[in-house]
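Trainee: I am new to this structure. Please take me closely through one part of it, the open sheet, and tell me what sits around it.

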Amino acid sequence: MNLKIEEYASLKTMNTMGLESVARYFGRVESLAALQEALVFAKERHLPVIPLGEGSNVVLGESLDALVLLIRLKGREIQESHNGSVLLKVGAGEHWHSLVCWSLEQKFYGLENLALIPGCVGAAPVQNIGAYGVEIKDRFVSLEAVDRQTGESTTLSAEECAFGYRDSVFKNGLMDRVIITSVTLRLSTTLMPELDYGALKEKAEGFAGEGERPTGMDICRAVCAIRREKLPDPQVIGNAGSFFKNPVVSEEHKVALKDKFSDIPAYKVSEGWKLAAGWLIEHCGFKGCLKKDGAGVYDKQALVLVNHGNACGKDVLLLAEEIRVAVKERFSVTLEIEPRIY
Ligand code: FAD
Ligand code: EPU
């Protein structure tokens, strides 16, 4: 047996919202053989399988009649290095931020803007993680995954992953169909700084020596500093990062909103205008709110729902619905929840 399976396991410390949730079956997967065994175990019992990395983008129900698998497949392999670029294959269970720091220590560039995003490598393509002007799709080459039904391994290209804003094939056509086992990224041995997002340039220059250009590590430090100012540390306050996606509206809708709310932030994107969901929520009066059950909205970033105590998944979703209704009523904008609800 490569796999130890527990029954009725608490997942409270395995999701960053700190929601109490009990898995009917639970296992920690450290090898492909263990993953294969787990899939057979689930198939024999007609159970759904829920793979988890760090649980930083999920809202868990109180009881999950499923086999929950903590994916801890490790490994960092430099597969190719020439002409200033490096092909890096990374196990799905590697810690994302540790990978970012390690890559910078090797002088491999391209992940610095994605520093301090919680979670594991295997979950990063699922919602095409992004921050400060970069998304994983910009560095992505391919991934390996195991089919949950057949147990067979398959390789998917960037095109097959169909990445979009906080979106991929794993949230659509391949939802609940595969377990990602490794991700291959292409990084550069030359730093090509991307400093256009907000105050990043200024912050990164602050970390560089006087008159010097920021290094990859300076950019990483700047990103970490900005993130620590805005986002709650899940070790201190339970949260899942942005709870809603930033909505995209038509030109017409944006003009109508600008007429009424002249300072509403809107950014041009190919499909229309992207609005800041945090602004919409703040202007409905929710910023810093706290419900009796412990669910609330972070006081420094209205896009982040928090668990101050013993809220359960249902409490958080009730608050999310209250927010969605208020935003719809005031701005005629529909907010879409970002984390996966189980
Ligand atoms: P989990 O929450 O464990 O899983 C997320 C989903 O992926 C689930 O549906 C799960 O079943 C699935 N999954 C996990 N592993 C696998 C696998 N191996 N194969 C197939 N499916 C799998 N996200 C951003 O994009 N940008 C940010 O800036 C950002 N900031 C954040 C800040 C904070 C404080 C927090 C708490 C979250 C933030 N997030 C951000 C969201 C989150 O960090 C990312 O979505 C991250 O990739 C989730 O990784 P995880 O390992 O915790 O995934
Ligand atoms: N804003 C407010 N009030 C708030 C929060 C935000 O008015 O309480 C407005 C401000 O105008 C601000 C704008 O919203 O300028 C954008 O805010 P911020 O730069 O904090 O970014 P965001 O849109 O809230 C997005 C991502 C984050 C990512 C950052 C940085 C989404 C859903 N969220 O947040 O990703 O880290 O940009 O790139 O796209 C996540 O996905 O979990 C996540 C944290």
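Mentor: Start with a term. Two strands pair if DSSP finds at least two bridges between them. Keep in mind that this is a predicted model.

Now apply the term. Strand 2 covers residues 22–29, and strand 5 covers residues 63–71. These two strands pair in the parallel sense, over 7 bridges. One bridge to look at starts from Tyr25: its partner in strand 5 is Leu67.

Widen the view. Strands 2 and 5 belong to an open sheet of 4 strands. Read across, the order is 1-2-5-3, and the pairing is mixed. Strand 1 (5–10) and strand 3 (49–52) are the edge strands, since each pairs on one side only. On average, neighbouring strands in this sheet are turned by 35° against each other, with direction ignored. As a general point, side chains in a regular strand alternate between the two faces of the sheet.

Next, find the helix. Helix 1 spans residues 32–44 and lies across strand 1, strand 2, strand 3 and strand 5. Against strand 5, helix 1 runs at about 170°.

For contrast, look further along the chain. Strand 15 (residues 266–269) and strand 16 (residues 272–275) pair in the antiparallel sense, over 4 bridges. A hairpin of 2 residues joins strand 15 to strand 16. Here Tyr267 has Lys274 in strand 16 as its bridge partner.

One last check, on cysteines. The whole structure holds 0 disulfides. Cys289 is in none: the nearest cysteine sulfur, that of Cys284, is 11 Å away. Cys289 is buried, at 18% relative accessible area.

Methods
Residues are numbered from 1 along each chain as its sequence is written. Chains are lettered from A and ligands numbered from 1 in the order in which they are written. This is a predicted model: local features need pLDDT of at least 70, side-chain atom pairs count only at pLDDT 80 or more; totals for chains, interfaces and linings use all residues. Side-chain values use heavy atoms; hydrogens and water are left out. A disulfide is a pair of cysteine sulfur atoms within 2.5 Å. Buried means under 20% relative accessible area, exposed over 50%, partly exposed in between (1.4 Å probe, protein chains only). Axes are lines fitted to C-alpha atoms, for helices over the stretch in contact, and angles run from 0 to 180 degrees between N-to-C directions. Contact means heavy atoms within 4.5 Å.
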